[in-house]
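Student: I have a model open and would like to understand its charged pairs and its nonpolar interior. Could we go through them together?
Tutor: Gladly, let's take a look.

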Amino acid sequence: MAGEPQDDCLFCKIVAGSIPATIVRETETTVAFRDINPQAPTHVLVIPKAHHTDAAALAAAAPELAADVLRETQVVADEEKLDSYRVVFNTGSGAGQTVWHAHAHVLGGRGLNWPPG
């Protein structure tokens, strides 16, 4: 069920504290932690604590929570002292999503070319 923790979800396990992560921020509704395979000098994931499979499902089911995630990307960027940064939501395997829990990538600390892939 949307919003409920999933036993087989890596990010739900991070939220629960059963899998370690380098957490940089936590709010009542979100957790931000460093990516274990960083693609830039700063690569932080911001996730909702509630389980939603991807950004589209999150926006449809809980738009206020989606706004919390997006708001936290700015706070992370500020705390990481990024003058410019990229926020990426991969939605679907064709876009590179590998963990089926909505998450935003905050990338910065180097030039980011366009198009990205």
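Student: Is Lys49 buried, exposed or partly exposed in this model?
Tutor: Keep in mind that this is a predicted model. Lys49 has a relative accessibility of 25%. Buried would mean under 20% and exposed over 50%, so Lys49 counts as partly exposed.

Student: Which residue forms a salt bridge with Lys49?
Tutor: The closest N and O atoms of the pair are 2.9 Å apart. One partner is in strand S1 (residues 23-26), while Lys49 sits in the loop between strand S3 (42-48) and helix H2 (55-61), so the bridge ties together parts that are 23 residues apart in sequence. That partner is partly exposed, with a relative accessible area of 47%. The residue you want is Glu26.

Student: How many residues apart are Glu80 and Arg34 in the chain?
Tutor: Their side chains meet in a salt bridge, at 2.8 Å from N to O. Glu80 belongs to the loop between helix H3 (63-79) and strand S4 (85-88), and Arg34 to strand S2 (residues 30-34). The pair therefore links distant parts of the chain, and the two are 46 residues apart.

Student: What separates Asp68 and Arg71 in helix H3?
Tutor: These two form a salt bridge as well, with the closest N and O atoms 2.5 Å apart. Asp68 is partly exposed at 21% relative accessible area, and Arg71 is partly exposed at 48%. Because they are three residues apart in helix H3, the separation is about one helical turn.

Student: How many salt bridges does a search of the whole structure find?
Tutor: Among them are Glu26 with Lys49, Glu80 with Arg34 and Asp68 with Arg71. There is also a network of salt bridges linking Arg25, Glu72 and Glu79. The search of the whole structure finds five.

Student: Now the interior: which element gives the most to the largest nonpolar core?
Tutor: That core has 14 residues, and Val44, Val69 and Val106 are among those with the most contacts inside it. S3, H3 and strand S5 (104-108) each supply at least two of its residues. With five residues, the one that gives the most is H3.

Student: How many residues are in the other core, the one with Cys9 and Phe11?
Tutor: It lies apart from the largest core. Its members include Cys9, Phe11, Phe33 and Val99. The count for this core is nine residues.

Methods: Residues numbered from 1 in each chain as written. Predicted model: local features only at pLDDT ≥ 70, side-chain atom pairs only at ≥ 80, totals over all residues. Heavy atoms only, no water. Salt bridge = Lys/Arg side-chain N within 4 Å of Asp/Glu carboxyl O. Helix = DSSP H or I, 4+ residues; strand = E, 2+ residues; numbered from the N terminus. Buried < 20%, exposed > 50% of the residue type's maximum accessible area, 1.4 Å probe, protein only. Core = buried A, V, L, I, M, F, W, Y, C linked by side-chain atoms within 4.5 Å.
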